[in-house]
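Student: I have a model open on my screen and would like to learn how to read it. Could you walk me through a few features?

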Amino acid sequence: MEAYAPYELPQAIDLKQLMNKRADESPEGVAFFFTEDDGNVRKVSCAQFRDDVNALGTYLYAKGFRGGKHCGIVGPNSYEWLVAFFALANGGNVALPLDARQPVENLIRLMARGDAAALVYSREFAPAAPAFAAHLSNISAAAGEGFVSLPMTEFDKYLAEGASLLAAGERGFVEHEIDVHALAALVFTSGTTGEPKGVMLSQDNIVSNINQACKNYTHKGVGMGPLPMHHMFGLVVGHLMVYNYEAPCYIVRNLRNVLKDLQVAKPTTMFAVPIILETFVKQFQVMAKRAGTQLSPEMIKQATGGNLKYIICGGAPLPVQYVQLFRSFGIELLNGYGITECSPVLAVNRNEDYCDGSVGPVLFGCEVKIDEDGEILARGRNVMLGYYKDPEGTAEAMKGGWYHTGDIGKIEDHYLFITGRTKNLIITSSGENISPEELEEKFLTDPAVAEAIVYEKGGNLIVQIFPEKEANAPAEYFDALLKKVNQGEPGYRKVQKVILREEPFARNSTGKIVRALIEK
Amino acid sequence: MLQEIIDVLSQYTDYPAEQIGPETDLVEDLELNSFDVLTIVSDFEDQYGIHIPDEQIAEFKTVGDVESYLEKNR
């Protein structure tokens with residue numbers, strides 16, 4: 001297919017300007033809409049969104065959030081989540097988007113590592129709020145001022161206070177000068193070893209990626225991204241990019257309602273990860289069985305709200321047969337490729353320039369090359385500032401001035417293909433990155449375990465254990481160990497099965513276990 | 001109730017209904033992923049007019065777990 005020119009959209013400079021531009025040009029236009037708990041659909045105009053961000057930001061400004069303050073955000077997707085993110089960013093502060101499915105103790109650990117002295121949290125986390133405050137009040141970031149708890153359930157009060165301050169002439173937040181190259185978001189992601197790494201992104205990283213991605217893919221109508229906002233794919237692509245298209249963005253507040261939400265949102269583009277599409281296909285097949293008919297484009301059109309033309313899929317590899325299946329339904333499924341460290345998108349198939357099996361052309365304004373070992377390297381304004389307080393990890397990842405993705409690939413014609421990984425990272429079909437070493441370490445601390453290797457098979461995590469002979473532990477012992485390791489882990493990180501080995505794992509000449517030789 | 005749940009799971013997974021029982025593991029035996037479980041449970045919520053909290057859904061391991069929860073709470 002021939003290469004097409006970039007789509008032209010006005011280029012945003014920073015998040016404040018991104019927000020203000022639409023509010024100025026189309027104040028009554030719908031910025032976001034969503035279904036409330038009572039079933040009513042609430043629409044928020046661009047002007048209302050700006051007013052809410054400015055009110056919350058002004059409230060926070062008065063509380064000392066005047067640049068550089070680190071604040072966690074935790075909770076399911078919501079309008080309040082987005083308002084909090086912009087209120088922090090537009091005041092020059094640093095947001096730590098946190099995975100709401102993680103156990104509280106993990107979140108506390110990440111907050112401490114990220115020097116977060118404040119937390120915005122949804123009602124689900126209200127019972128845990130005292131634990132956050134108790135554990136984080138003593139970290140250096142909170143020294144002197146204490147830990148600040150900001151429940152989203154109190155937002156109405158904060159907005160009213162902020163609005164009063166604005167009405168009284170308080171302009172500090174609204175006029176706060178943004179340093180686009182300063183740290184704006186600290187995003188924790190599983191690395192290949194040990195603890196998750198804190199990816200440092202600036203406003204320039206994020207906004208550049210929005211600009212770059214909008215040149216590759218164009219969109220009109222409603223956009224819907226049922227992906228968690230703590231993921232950069234969910235936040236930047238699924239919500240901020242849609243806002244930049246000057247299009248209404250539907251917020252999916254609970255993934256379990258996504259099929260019903262399609263009927264409300266009626267999107268033209270949906271941003272998804274493979275697990276969502278795999279489940280959709282199963283649901284469509286059930287619908288057909290119940291109706292006593294075959295799957296048809298008309299049935300799929302109705303099930304997806306009537307307007308769906310494109311699905312952008314990223315986060316994890318998706319088999320090409322899904323692309324062909326959705327095409328037979330009249331929906332173009334465009335695979336893309338990204339990584340948190342690149343804010344996140346590096347490549348995506350385009351509306352009129354796509355190649356099945358590839359992740360599309362590299363974004364305009366972003367450089368990608370394949371090194372002599374086949375690894376995909378990236379360079380551009382969207383590439384992270386580095387890993388937080390980890391100069392060694394940063395230097396390793398940024399060798400030679402290029403970000404080393406850890407993925408193996410090739411470029412043919414002008415399309416990027418992902419063919420493997422240099423690292424052991426497990427990428428689930430929901431786009432979660434899991435470090436097997438991190439889970440293996442938990443098994444290896446048990447005296448009855450001599451060797452342990454975790455891998456993925458058929459969408460489930462499995463551990464193979466070579467027991468410590470002297471411990472002489474029965475099989476039931478390892479079932480109990482599995483339960484212990486899984487305790488408190490979110491569903492996608494739970495190991496489903498233990499396989500006990502008779503023989504130790506094969507090792508290479510340097511003594512490392514050869515994962516490729518493991519019979520799965 | 002158990003048979004209704006089995007029928008839905010059989011439709012969804014193509015596993016023969018007679019091979020599904022209370023001990024059948026949703027993930028290991030029926031090869032459902034976490035999002036499959038969420039959407040199936042969402043179907044049951046509509047059918048039985050109840051709300052099942054997310055944290056409860058994460059605890060469902062077997063068909064019997066789903067059945068006993070629905071029996072208790074419908």
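Student: Which strands of chain A does helix α15 (residues 475-486) lie across, and at what angle does α15(A) run to β24(A)?

Tutor: Happy to help, and please keep in mind that this is a predicted model. Helix α15(A) lies across β23 and β24 of chain A, and runs at about 150° to β24(A). Another helix, α14 (residues 436-444) of chain A, lies across β22, β23 and β24, at about 145° to β22(A).

Student: How should I read the sheet under those helices?

Tutor: Strands of a sheet pair through backbone hydrogen bonds, either parallel or antiparallel. Here three strands form an open sheet in the order β22-β23-β24 of chain A, with mixed pairing. The edge strands are β22 (449-457) and β24 (495-500), each pairing on one side only. From one strand to the next, the twist averages 25°. For a closer look, take β22(A) and β23(A) (residues 460-467), which pair in the antiparallel sense over eight bridges. There, A:Ile453 stands opposite A:Gln464 in β23(A).

Student: Is strand β13 (residues 332-338) of chain A mostly covered or mostly open?

Tutor: Mostly covered: six of the seven residues of β13(A) are buried. Strand β12(A) (residues 310-313) pairs with β13(A) in the parallel sense over four bridges, and A:Tyr310 stands opposite A:Glu332. Together with helix α12(A) (residues 320-328), β12(A) and β13(A) make a right-handed β-α-β unit. Strand β14(A) (residues 345-348) also pairs with β13(A), in the antiparallel sense over three bridges. A:Gly338 has A:Val345 as its bridge partner. β13(A) and β14(A) form a hairpin with six residues between them, and A:Ser343 in the turn has a positive phi of about 70°.

Student: What about two helices, how do I describe their packing?

Tutor: Two packed helices are described by the angle between their axes and the distance between the axes. Helix α7(A) (residues 203-216) and helix α8(A) (residues 232-244) pack at about 70°, with axes 10 Å apart. The two helices α7(A) and α8(A) are therefore roughly perpendicular to each other. The residues that meet include A:Ile206 and A:Ala213 in α7(A), and A:Val237 and A:Leu240 in α8(A). By type, this contact divides into eight nonpolar, two polar and no charged residues.

Student: And how many residues of chain B are in contact with chain A?

Tutor: 14 residues of chain B are in contact with 20 residues of chain A. On the chain B side, α1 (2-13) and α2 (34-48) each supply at least two residues, and α2(B) gives the most, with seven. That side divides into six nonpolar, five polar and three charged residues.

Key
Residues are numbered from 1 along each chain as its sequence is written. Chains are lettered from A and ligands numbered from 1 in the order in which they are written. This is a predicted model: local features need pLDDT of at least 70, side-chain atom pairs count only at pLDDT 80 or more; totals for chains, interfaces and linings use all residues. Two residues are in contact if their C-beta atoms, placed from the backbone, lie within 7 Å. Ala, Val, Leu, Ile, Met, Phe, Trp, Tyr, Cys and Pro count as nonpolar, Asp, Glu, Lys and Arg as charged, and the others, Gly among them, as polar. A residue is buried if 20 or more other C-beta atoms lie within 10 Å of its own, exposed if 12 or fewer, and partly exposed in between; C-beta atoms are placed from the backbone. Two strands pair if DSSP finds at least two bridges between them. A crossover is right-handed if, with the strands pointing away from the viewer, the path from the first strand over the helix to the second runs clockwise. Axes are lines fitted to C-alpha atoms, for helices over the stretch in contact, and angles run from 0 to 180 degrees between N-to-C directions. Angles under 35 degrees count as roughly parallel, over 145 as roughly antiparallel, 65 to 115 as roughly perpendicular and the rest as oblique.
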